[in-house]
Amino acid sequence: MIERSYEKYFRQNRLPHLWCPGCGNGIVMKAIVQAIEKKGWSQDNTVIVSGIGCSSRASGYMDFDTLHTAHGRAIPFATGVKMANPNLNVVVITGDGDCTAIGGNHFIHGCRRNIDLTVVLFNNNIYGMTGGQASPMTPLGKKATTAPYGSIDRPFDACKLAEAAGATYVARSTAFHVQHLVKLIADGMDNKGFSFIEALVQCPTAYGRRNKIGDPAKMMAWMRDNAVMKTAWDKLSEDKKIGDKFPIGLFYKVEEETYNDSYEKVRDIAGGSLR
Ligand code: SF4
């Protein structure tokens with residue numbers, strides 16, 4: 001019998017999952033679990049917090065202490081968990097709509113505080129669960145139920161946004177580049193501070209079908225053909241950074257004081273009166 005070594009990390013009684021056939025969310029969920037195993041984090045000392053949306057359903061399948069919270073509010077819930085018990089490892093699962101629309105303000109303030117969280121944004125380029133509306137990360141010209149002739153809203157680059165807002169670890173990969181994604185998530189877990197990893201996922205139902213991109217395999221081939229490792233991307237001239245090409249890899253990393261460390265100093269100044 002083949003050993004399925006990751007079974008223990010999943011709540012078997014909650015499976016099968018509700019994701020569509022060919023959806024990339026399961027790949028990224030497993031990548032998070034692989035990174036956790038790599039780090040040797042225990043299930044009892046790790047908290048998974050998610051918002052609302054297709055990707056945020058992952059927390060229900062994962063056998064850790066989990067919180068499936070309100071739309072856009074995963075980062076504030078996770079902040080509370082980390083402040084209450086800084087010894088916990090806290091991972092946030094969010095989507096492009098959840099994180100950069102309704103949760104956009106929480107996202108930038110989590111970054112600027114440098115609270116020690118590992119945030120993984122599953123980017124399927126659209127609102128999947130609520131019916132295919134355009135999200136702030138829907139590419140220009142792509143169709144959505146709220147943009148039947150193609151989106152005219154310029155999309156966020158969530159990695160640039162995270163860096164500008166103060167995150168201390170920023171990276172991107174895709175559901176096609178699994179081992180690369182696992183490494184970036186694991187390295188983000190090592191970072192003491194706000195770590196942000198964007199993972200591009202194929203959404204054949206709400207995004208791919210509407211935009212005639214093809215089946216899940218074709219969507220993954222698109223990731224393979226258009227993602228450019230950052231080291232190569234940096235050597236490209238601007239006129240080559242065109243079409244669908246986009247960079248993946250580690251974009252930013254810096255050591256800064258974490259929010260918990262700053263708060264400890266306040267507690268010390270207050271002479272224990274806050275304890
Ligand atoms: Fe996945 Fe898209 Fe289906 Fe949601 S709508 S489960 S993101 S394929």
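The following legends describe close-up views of a predicted model.

**Figure 1. The largest pocket and its lining.** The space in the largest pocket amounts to about 930 Å³. Its lining comprises 34 residues, and those nearest the centre are Pro139, Arg172, Asp244, Lys245 and Phe246. Two or more lining residues come from each of helix H6 (158-165), strand E6 (195-200), helix H9 (216-226), helix H10 (230-235) and strand E8 (246-253). Helix H6 makes the largest contribution, with four residues. By class, the lining of the largest pocket holds 19 nonpolar, five polar and 10 charged residues.

**Figure 2. The second largest pocket.** A volume of about 410 Å³ is found for the second largest pocket. Of the 31 residues that line this pocket, Cys54, Asn124, Tyr127, Gly128 and Met129 lie nearest its centre. Helix H4 (96-102) and helix H8 (204-208) each give at least two residues to the lining. The lining residues of the second largest pocket comprise 14 nonpolar, 13 polar and four charged.

**Figure 3. The enclosed cavity.** One cavity of 30 Å³ or more is counted in the model. The largest cavity encloses about 40 Å³ of space. Its lining is formed by Gly72, Ala74, Ile75, Val92, Thr94, Asp98, Cys99, Gly103 and Phe107. Helix H3 (74-84), strand E3 and helix H4 are the elements that give two or more residues to this lining. Five of the lining residues of the largest cavity are nonpolar, three are polar and one is charged.

**Figure 4. Helix H1 and its packing partners.** Helix H1 covers residues 25-39, and its end C-alpha atoms lie 21 Å apart; this agrees with the expected span of 21 Å, because 15 residues are counted at 1.5 Å a residue. The buried residues of H1 are Asn25, Val28, Met29, Ala31, Ile32, Val33, Gln34, Ala35 and Ile36. These buried residues pack against strand E1 (46-50), helix H2 (58-61), strand E3 (89-95), strand E4 (118-123), helix H7 (178-190) and strand E6. Glycine 40, just after H1, adopts a positive phi of about 70°.

**Figure 5. The nonpolar cores.** The largest nonpolar core contains 38 residues, and Val28, Ile32, Met62, Ile185 and Met189 have the most contacts inside it. At least two residues of this core are supplied by each of H1, H2, E3, E4, strand E5 (169-174), H7, E6 and E8. Helix H1 gives the most to the core, namely seven residues. Apart from residues up to four places away in sequence, valine 28 touches Val120, Phe122, Ala175, Leu181, Ala199 and Val201. A second, separate core has 25 residues, among them Ile75, Val119, Ala167 and Val170.

**Figure 6. Surroundings of serine 59.** Serine 59 belongs to helix H2. Serine 59 counts as buried because its relative accessible area is 1%, which is under 20%. When residues up to four places away in sequence are left out, serine 59 touches Arg11, Ile48, Ser50, Thr66, Leu67 and His68. The C-alpha atoms of serine 59 and isoleucine 48 are 6.1 Å apart in space, while the two residues are 11 residues apart in sequence.

**Figure 7. Aspartate 44 in the loop between H1 and E1.** Aspartate 44 is placed in the loop that connects H1 and E1. Its relative accessibility is 68%, so aspartate 44 counts as exposed. Aspartate 44 and aspartate 65 are 21 residues apart in sequence, and their C-alpha atoms are 6.9 Å apart in space.

**Figure 8. Backbone geometry at proline 16, asparagine 114 and lysine 212.** The peptide bond from leucine 15 to proline 16 is cis, its omega being near 10°. Proline 16 lies in the segment before H1. Asparagine 114, a residue other than glycine, has a positive phi near 55°. Asparagine 114 is located in the loop between helix H5 (104-113) and E4, and its relative accessible area of 4% makes it buried. Lysine 212, likewise not a glycine, shows a positive phi of about 50°. Lysine 212 lies in the loop between H8 and H9, and at 75% relative accessibility lysine 212 counts as exposed.

Technical notes
Residues numbered from 1 in each chain as written. Predicted model: local features only at pLDDT ≥ 70, side-chain atom pairs only at ≥ 80, totals over all residues. Heavy atoms only, no water. 1 Å grid on protein atoms, 1.4 Å probe; cavity = no way out; pocket = protein on both sides within 12 Å on 5 of 7 lines; lining within 4 Å. Points joined across faces, edges and corners; volume = space filled by probe spheres on them. Nonpolar A, V, L, I, M, F, W, Y, C, P; charged D, E, K, R; others polar. Expected span 1.5 Å × (residues − 1). Buried < 20%, exposed > 50% of the residue type's maximum accessible area, 1.4 Å probe, protein only. Contact = heavy atoms within 4.5 Å. Core = buried A, V, L, I, M, F, W, Y, C linked by side-chain atoms within 4.5 Å.
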